[in-house]
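Biologist: I would like to learn how to read the computed features of a model. Please take them one at a time, with the general idea before the case.

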Amino acid sequence: MSDAALTEAGVETGTERRDFIRASVVNVLGNAVKIVVEAAAGLTFGSLALLADAAHSVADLVASIVVLVWGRSVYADPDDTHPHGHQRVEPLAALFVGSVVALLGLNFFYESVRGFIVGVDVRFSPILVAALLFAMADMYVLYRYTTWVNETVDSAALDALAIDCLNDIYTSIAALVGIAGVFFGYPLLDAGAGAVVSVLVIYQGFEIGRENVSYLVGAAPSEAERQRVVEALRTHPAVEGVHDLVVFYDGTDLEVEAHVEVDGELTLVEAHDIETELISRLRDLDIVGDVHLHLDPAGIGEWKDAEENRE
């Protein structure tokens, strides 16, 4: 890679890191404000639904802080202890987000069920409605901002936070139904809304965790993503065959390993140039990180007995 390309890549990485940090800070502040408003209203009037929604935001706040402090290390350069970079830190941060969300959801599901058994002591106030409407507006703005930033950053951790913001709106709507029940003289609806909110929170945490575990264990990508890699190799005019292709996740990026068959009469310099072109082709794909290629002379019959390995 040329010095100019390296400089451009460094500037792009620096911009993405700055945007990532800014979006993380905004998430921290947005969730902190939501917690204060909902917790104050919930404690004052005894609403389990509002307290469950506020607790969800406590999980969001913790997750946002973790993403801010931990997730940004994905932009650090490779070093002696992490020679392939820090890509796996990002899904690890997102997995922590999902775990915290799911655990708090379980806790408030228990509290809501307990409310059904022992009863609830909740009083209606327009302040409860106002707090929930503010919370929904707060999360919508936060969702739109985080999604907008992530269009260029493309971060799994920010994507997890954005999904969490969107789901917060749904949980606040469920809490609003519970408050409406209190208004119409059915206070147990508050506990019911708290249970619904908790189930949504648990499901959300599970989905975030499930996606990011795939990144951490080096799972294979979708067939469509794999075919993008195959086509990038096969369409090069000097490539006569591809075999032993392995594509797997290394963090949120794909790592590619392959044997590529080329004309055996090429000079070493010509073969080197072709390998460089193929690596550049693959790295130009937005889903690919590291690439490891081995060039084989075509036509020597080494792989003809193992056609199932050929692509």
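Biologist: What share of the contacts between residues at least 6 apart in sequence join residues at least 24 apart?
Modeller: A contact means heavy atoms within 4.5 Å. Among contacts in the chain between residues at least 6 apart in sequence, the share that joins residues at least 24 apart is 75%. This is a predicted model, in which local features need pLDDT of at least 70 and side-chain atom pairs count only at pLDDT 80 or more, while totals for chains, interfaces and linings use all residues. Residues are numbered from 1 along each chain as its sequence is written, and side-chain values use heavy atoms, with hydrogens and water left out.

Biologist: Which secondary structure elements does the chain have, and in what order do they run?
Modeller: Helices (H or I, at least four residues) and strands (E, at least two) are DSSP runs, numbered from the N terminus. Here there are eight helices and three strands. Their order from the N terminus is α-α-α-α-α-α-α-β-β-α-β.

Biologist: How do I read burial, and what percentage of the residues count as buried?
Modeller: Buried means under 20% relative accessible area, exposed means over 50%, and partly exposed lies in between, with a 1.4 Å probe and protein chains only. Of the 311 residues of the chain, 46% are buried. The accessible surface, from the Shrake-Rupley method with a 1.4 Å probe, is about 15500 Å², and 62% of this belongs to carbon and sulfur atoms.

Biologist: Which way do the paired strands run, parallel or antiparallel?
Modeller: Two strands pair if DSSP finds at least two bridges between them. Strand β1 (residues 241–250) and β2 run antiparallel, joined by eight bridges. In that pair, His243 stands opposite His259, and Gly241 is opposite Glu261. Eight bridges also join β2 to strand β3 (residues 288–297), but these two run parallel. There, Ala258 has Leu293 of β3 as its bridge partner.

Biologist: Why is β2 described as largely enclosed by the rest of the structure?
Modeller: Strand β2 (residues 253–262) is largely enclosed because seven of its ten residues are buried. β1 is mostly covered, with eight of its ten residues buried.

Biologist: What about the backbone: which sign does phi have at Asp244?
Modeller: Most residues other than glycine have a negative phi. Asp244, which is not a glycine, has a positive phi of about 50°. Asp244 is in strand β1 and counts as partly exposed because its relative accessibility is 29%.

Biologist: How many cavities of 30 Å³ or more are there?
Modeller: On a 1 Å grid over the protein atoms alone, a cavity is a set of points where a 1.4 Å probe fits but cannot get out, and a pocket is an open set with protein on both sides within 12 Å along at least five of seven lines; lining residues have an atom within 4 Å of a point. Grid points are joined across faces, edges and corners, and a volume is the space filled by probe spheres set on the points. The count is two cavities of 30 Å³ or more. The largest cavity has a volume of about 40 Å³, and its lining includes Ala52, His56, Phe108 and Val201. α2 (48–69), α3 (89–118) and α6 each supply at least two residues of this lining.

Biologist: How does the lining of the largest cavity divide by class?
Modeller: Ala, Val, Leu, Ile, Met, Phe, Trp, Tyr, Cys and Pro count as nonpolar, Asp, Glu, Lys and Arg as charged, and the others, Gly among them, as polar. The lining of the largest cavity has six nonpolar, three polar and no charged residues.

Biologist: What volume does the second largest pocket have, and which residues are closest to its centre?
Modeller: The second largest pocket holds about 200 Å³ of space. It has 15 lining residues, and those closest to its centre are Ile163, Asn167, Tyr203, Gln204 and Glu207. α5 (156–183) and α6 (188–216) each supply at least two lining residues, with α6 giving the most, eight. By class, this lining has seven nonpolar, four polar and four charged residues.

Biologist: Which residue distant in sequence has its C-alpha atom 6.7 Å from that of Leu216?
Modeller: That residue is Pro91, 125 residues away along the chain. Leu216 belongs to helix α6 and is partly exposed, at 22% relative accessibility. Val153, in helix α4 (residues 126–153), is 134 residues from Asp19 in sequence and 7.2 Å from it in space, C-alpha to C-alpha. Val153 counts as buried because its relative accessibility is 6%.
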